Amino acid sequence: MNSNSNPALGLDVRQLRVVYDGFTAVADTSFCVLPGESFGIVGESGSGKSTVLRAICGLAPKAAGTVQLVGGDGSAVSAAQPAPGSQAFSRRVQMVFQDPYASLHPRQTVDRLLAEPLAIHGIADAETRIERALDEVGLGQGFRFRYPHQLSGGQRQRIAIARALILEPQILLLDEPTSALDASVQAEVLNLLEDLRQRRHLTFIMVSHDLAVVTHLCERLLVMQRGQSVELLAAADLAARRVSQPYTLSLMQAASGFRR
Amino acid sequence: MTISPLLIVEDLRVAFASRDGGSVEAVRGVSFTLGRERLGIVGESGSGKSQTGRAILGLSAPESRVSAKRLEFSGIDLLTCPPQQRRALRGGRMAMVLQDPKFSLNPVMTLGAQIVETLRAHRRVSSKEATARALAALESVRIDDPARVFKLYPHEVSGGMGQRAMIAMMLIAEPDLLIADEPTSALDVTVQLQVLSILDALVQERGMGLILVSHDLRLVSSFCDRILVMYAGRVVEELAAGGLAHAQHPYTRGLMACLPQLGASTHPLATLERQPAWAL
């Protein structure tokens, strides 16, 4: 197992700005995620929360700011910093996308889906890694030669998690990993993520619009609105309703259901 | 409340032919009556909740077989009435709001033109009056600048705006029954509540019957007068508003338990152990 050979990594995001055609999707957002920590980003659609994740792993263009991997004491790792989007970076930072119906190639078997990242990174022991990855996400070998359309939503999301974990990254970026799933399946996937994090000492950055899900999985969280960061607070404070910004409060009220 | 119920459903079944020549029943004997109230139908994917709504409206897929002991809408037998009458009812006296405004609005017509079309299909009005009523309908769903939105195409508006336009379209012929199939799942939490409060006001002001189909137990229980919980094509439990805490069926209780809650730390979350007996 590589879980102990690679020390846990954190991520330091400073003054991140993403601009699309003059529209500022993310404006000067900074936060630091310590190694082994689970960090959440919440906000409504268009708040820029997913764009932050995409900018971290190089899928969105960064107009300004830095993204750095940090070590145990919160300082930047001394070795050369891999650029976001580069192979060395994606070896350490992997992403799980929102919609398991759209993020798996419909004409590739699970085996091929899982073999691809290994081939790209030139990792030899594909056979054992695929077997282990399937076991780890609780699916087993029976799923290896199935196509995505033969799987349920929850099973697909498990495959997406297995694909992200097969490179043994230290940081996992989760973009609404359970919002396309039924409540009972959501509970299973959340339990799986929590279990994997403990076993592998992973660092999570999770984006969600569901405050209850974020406070369940994360220790600290950032509230975003229209590309700006509104409030940075501990999950325990949110759970105890110790929030200072009216926007956070309105999100909390909305989460508690309809009131006449 | 009226003396006779608005809608009577007795032993509704919807079956689909399966590949091996047999058939699969998606809805297996659902019965309920609806007055002028808010009824919620809750269940997970595959529970048959959407198929129930579609069968009432007559929108089941052509290859499906719909049967029931009784399916009556304000005294009209929906099972035997001619297709022409069914068509006149649909959109006129009973209407449906679908899940995703991106897929259920016509992409090549402006929102205004779609609303006008719906009105003129059911009511004899001049085009001038239809336009005026469409603008009023857009205003009634709390769209700030109806004249501007009237001229926009579906791709030019946000999800919340599109869903409001769809509600305006469904309500313009002033139906007695509105079936809303996951009307808010594609929307943000803050917009969700706005859309629900629009529906709520319409039920109270106009005395409309509303069936809200959703997977979100918490949302439905805070909104509806009565809730039917569906599992594997059957109603497993009926609950009164706010009676969620007193739910008896293990499925309903399991569904409640597996939701993470703000302020309560439950690690790991309870998962749902599905019993084969629930599906019998």
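**Exercise 1. The sheet of chain A**

Task: In this predicted model, chain A holds an open sheet of six strands. What is the strand order, and which strands stand at the edges?

Solution.
- Step 1. Read across the sheet. The order is 5-6-7-3-8-9, and the pairing is mixed.
- Step 2. Look for strands with a single partner strand. Strand 5 (93–96) and strand 9 (228–234) of chain A fit, so one side of each has no neighbour in the sheet.
- Step 3. Check the twist. From one strand to the next, the average is 20 degrees.

**Exercise 2. One strand pair and a packed helix**

Task: How many bridges join strand 8 of chain A to strand 9 of chain A, and do the two run parallel or antiparallel? Which strands does helix 5 of chain A touch?

Solution.
- Step 1. Recall the rule. Strands of a sheet pair through backbone hydrogen bonds, in a parallel or an antiparallel way.
- Step 2. Apply the rule to this pair. Strand 8 (residues 220–225) of chain A runs antiparallel to strand 9 of chain A, and six bridges join them.
- Step 3. Pick one bridge. Arg220(A) has Ala234(A), in strand 9 of chain A, as its bridge partner.
- Step 4. Add the helix. Helix 5 (residues 153–165) of chain A packs on the sheet and touches strand 5 and strand 6 (171–175) of chain A. The direction of this helix makes about 170 degrees with that of strand 5 of chain A.

**Exercise 3. Two helices of chain B**

Task: At what angle do helix 5 and helix 7 of chain B pack, and which residues make the contact?

Solution.
- Step 1. Take the geometry. Helix 5 (residues 127–140) of chain B and helix 7 (residues 159–171) of chain B pack at about 130 degrees, and their axes are 9 Å apart.
- Step 2. Classify the angle. Oblique covers what is left between 115 and 145 degrees, so helix 5 of chain B is oblique to helix 7 of chain B.
- Step 3. Name the handedness. The crossing is right-handed.
- Step 4. List the residues. Helix 5 of chain B gives Ala137(B), Leu138(B) and Ser140(B); helix 7 of chain B gives Ala165(B), Ala168(B) and Leu171(B).
- Step 5. Sort them by class. Five are nonpolar, one is polar and none is charged.

**Exercise 4. Where the chains meet**

Task: Which helix of chain A gives the most residues to the side that touches chain B?

Solution.
- Step 1. Count both sides. Chain A has 25 residues in contact with 27 residues of chain B.
- Step 2. Find the helices. Helix 6 (183–200), helix 7 (211–217) and helix 9 (246–255) of chain A each supply at least two residues.
- Step 3. Choose. Helix 6 of chain A gives the most, with seven residues.
- Step 4. Sort the side of chain A by class. There are twelve nonpolar, eight polar and five charged residues.
- Step 5. Note the scores. The model has ipTM 0.75 and pTM 0.83.

Key: Residues numbered from 1 in each chain as written. Chains lettered and ligands numbered in written order. Predicted model: local features only at pLDDT ≥ 70, side-chain atom pairs only at ≥ 80, totals over all residues. Contact = placed C-beta atoms within 7 Å. Helix = DSSP H or I, 4+ residues; strand = E, 2+ residues; numbered from the N terminus. Nonpolar A, V, L, I, M, F, W, Y, C, P; charged D, E, K, R; others polar. Pairing = 2+ DSSP bridges. Axes fitted to C-alpha atoms, helices over the stretch in contact; angles between N-to-C directions. Parallel < 35°, antiparallel > 145°, perpendicular 65-115°, else oblique. Left-handed = near helix turned anticlockwise from the far one by under 90°.
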